[in-house]
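Please set out how this protein model is built, working from its sheet to its cores and its charged pairs.

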Amino acid sequence: TYALQRVGVTVVAVDDGGPAIEAARAGKFDLILLDIRMPEVNGLEAAQAIRSLGYSGPLIALTASTTSAQHDQILEAGFDELWPKPISLEQLIELASAFLPSSPASKEQSGKGIKDRLETVRTEFAHGLPKKMDRLQRAFEDGDLDAAGEILHQLLGSSGIVGFMDLSAQAQLVYAQFKAGELSTVSASLLRLYDMARQIGAA
């Protein structure tokens, strides 16, 4: 959300499927992106509800991984396309431009302005990494596994979208191990994640 706003896109952000449905009911949107994994109302349920409200515009699913069956289920729920996570901001702008040819993002896509803004976003993200990693460490130390999982999920998406693909891949590895209950392997992967984040934050 923050990265898109920094490149000139007007964004309405919500944290779950229920608020997404209400936002779609209350406003007019050129494009709606829904994460498939949301805590209360998931992306499939939200998509079906939004379509039932009469929204006929582009509806895009964002997800880290799917099987062929899940891919079909996503399209059947009313989505036009499925975009994989992590996705870089450049890729996001390019994909969105196919649906929004006159959007602010598409107008700047090939210009110097977009490159300068992207670099600013990357720098600001890097500077904010130490605090994010501190929150993750505290969540694990406090045994707040729900918070730890949510921070990891956010990190794998946000680091990818600003172009730190190695960090995103490592966060995705830790998240997958964490969700699978492979706690014996999480520690080593988590230490590697902390080390990568420190290097980016110190650069």
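The questions and replies below take up these topics in turn.

Me: What kind of model is this, and which pLDDT do side-chain atom pairs need?
Reply: Residues are numbered from 1 along each chain as its sequence is written, and side-chain values use heavy atoms, with hydrogens and water left out. This is a predicted model in which totals for chains, interfaces and linings use all residues, local features need pLDDT of at least 70, and side-chain atom pairs count only at pLDDT 80 or more.

Me: What is the order of the strands in the open sheet?
Reply: Helices (H or I, at least four residues) and strands (E, at least two) are DSSP runs, numbered from the N terminus; two strands pair if DSSP finds at least two bridges between them. Strand E1 (residues 32-35) pairs with E2 in the parallel sense over four bridges, and E2 pairs in the parallel sense with strand E3 (residues 81-84), also over four bridges. The open sheet of three strands therefore has parallel pairing and the order E1-E2-E3.

Me: Which strands stand at the edges?
Reply: One side of each edge strand is left without a neighbour in the sheet, because each has a single partner strand; these are E1 and E3.

Me: Which residues of E3 stand opposite Leu62 and Thr63?
Reply: Leu62 of E2 also stands opposite Asp35. In E3, Leu62 stands opposite Trp83, and the bridge partner of Thr63 is Pro84.

Me: Is strand E2 largely enclosed or open, and how many of its residues are buried?
Reply: Buried means under 20% relative accessible area, exposed over 50%, and partly exposed in between (1.4 Å probe, protein chains only). In a regular strand the side chains alternate between the two faces of the sheet. On one side of E2 Leu59, Ala61 and Thr63 are buried, and on the other Ile60 and Leu62 are buried. Strand E2 (residues 59-63) is thus largely enclosed by the rest of the structure, the buried count being five of the five residues.

Me: Which helix gives the most to the largest nonpolar core?
Reply: A nonpolar core is a set of buried Ala, Val, Leu, Ile, Met, Phe, Trp, Tyr and Cys residues joined through side-chain atoms within 4.5 Å. The largest has 37 residues, and those with the most contacts inside it include Leu129, Met133 and Leu167. E2, H5, H7 (112-141), H8 (145-161), H9 and H10 (183-202) each supply at least two residues of this core. With eight residues, the helix that gives the most is H7.

Me: Is Ser168 buried or exposed?
Reply: Ser168 is found in helix H9 (residues 165-179). Leaving aside neighbours within four places in sequence, Ser168 is in contact (heavy atoms within 4.5 Å) with Pro86, Leu156, Ser159 and Gly160. Its relative accessibility is 0%, so Ser168 counts as buried.

Me: How far apart in sequence are the parts tied together by Arg51 and Asp80?
Reply: A salt bridge is a side-chain nitrogen of Lys or Arg within 4 Å of a carboxyl oxygen of Asp or Glu. Arg51 forms one with Asp80, the closest N and O atoms being 2.9 Å apart. Because Arg51 lies in helix H3 and Asp80 in the loop between helix H4 (68-76) and E3, the pair ties together parts whose separation in sequence is 29 residues.

Me: Which residues form one network with Asp195?
Reply: The side chains of Asp195 and Arg198 meet in a salt bridge (3.9 Å, N to O). Being three residues apart in helix H10, Asp195 and Arg198 are separated by about one helical turn. Through salt bridges that share partners, Asp195 is joined into one network with Arg192 and Arg198.
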